[in-house]
Amino acid sequence: MRAPILNAVQFCHAGTSKTRRGFTIIELLATMSLIALLSALAVPHYSHLTERARVAKAIGDIQAMRSDILAQDSLPASLASINRQSLLDPWGHPYVFVRLAAANGAPGITGRTDKFGNPVNSTFDLYSLGKDGVSAQSFSAAASQDDIALGRDGGFIGLAQTF
């Protein structure tokens, strides 16, 4: 007598009294724990990369605006003079442009300063308010640490905390 031919399902379960129809709670918990662990590691890294990309975009915008400002015959009164008045930084804040006293002879207009109180620029200040949307006169102030600023009359463009 010939042995019966079994299909694939019958062959896999031959000799077992119970059939398995799904995952156990332990397997599901282990899988979910692994996914949660990987997510917990990936999210902060992604956030850091996103913030670095925003800083790089702000630096690029400031470089482009600086070039537009210097291409003018005279120092513009505002960013509207170079058609950049509606340009927002990567955090959604408008860029700040300030003509300094040395540039237009107006008394009382002073630019931003470094940690020693020295002026950062001589003709104009151009900066982004950064992630927090606030700034202060000095680069060393806590409110200015995340600002993306032009310094040394264009010799530096970057985070105020690294100036």
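**Exercise 1.** In this predicted model, decide whether Phe-163 counts as buried, partly exposed or exposed, and then work out how its ring pairs with that of Phe-139.

*Solution.* Phe-163 has a relative accessibility of 26%; since buried means under 20% and exposed over 50%, Phe-163 counts as partly exposed. Phe-139, by contrast, has a relative accessible area of 3% and is buried. The ring centres of Phe-139 and Phe-163 lie 5.3 Å apart with their planes at 85°, and because planes over 60 degrees apart count as edge-to-face, the pair is edge-to-face. Phe-139 belongs to the loop between β2 and β3 (148–151), whereas Phe-163 belongs to the segment after β4 (156–159), so the pair ties together parts 24 residues apart in sequence. Together with Phe-156, these two residues form one aromatic cluster.

**Exercise 2.** Classify the ring pair of Phe-97 and Phe-124, and state which strands hold the two residues.

*Solution.* The search of the whole structure gives three aromatic pairs. For Phe-97 and Phe-124, the centres are 5.6 Å apart and the planes stand at 40°, so this pair is tilted. Phe-97 is in strand β1 (residues 96–99) and Phe-124 in strand β2, so parts 27 residues apart in sequence are tied together. Both Phe-97 and Phe-124 are buried.

**Exercise 3.** Describe where Arg-112 is found, and which side chain makes a polar contact with its side chain.

*Solution.* Arg-112 is found in the loop between α3 (101–104) and β2 (124–128), and with a relative accessible area of 4% it is buried. Its side chain makes a polar contact with the side chain of Asp-147 (2.7 Å), while Arg-112 also lies over the face of Tyr-127, 4.0 Å from the ring centre.

Conventions: Residues numbered from 1 in each chain as written. Predicted model: local features only at pLDDT ≥ 70, side-chain atom pairs only at ≥ 80, totals over all residues. Heavy atoms only, no water. Helix = DSSP H or I, 4+ residues; strand = E, 2+ residues; numbered from the N terminus. Buried < 20%, exposed > 50% of the residue type's maximum accessible area, 1.4 Å probe, protein only. Polar contact = N/O pair within 3.5 Å; in protein donor to acceptor, adjacent residues only side chain to side chain. Phe/Tyr/Trp six-rings, centres within 6.5 Å; stacked < 30°, edge-to-face > 60°. Lys NZ or Arg CZ within 6 Å of the ring centre and 35° of its normal.
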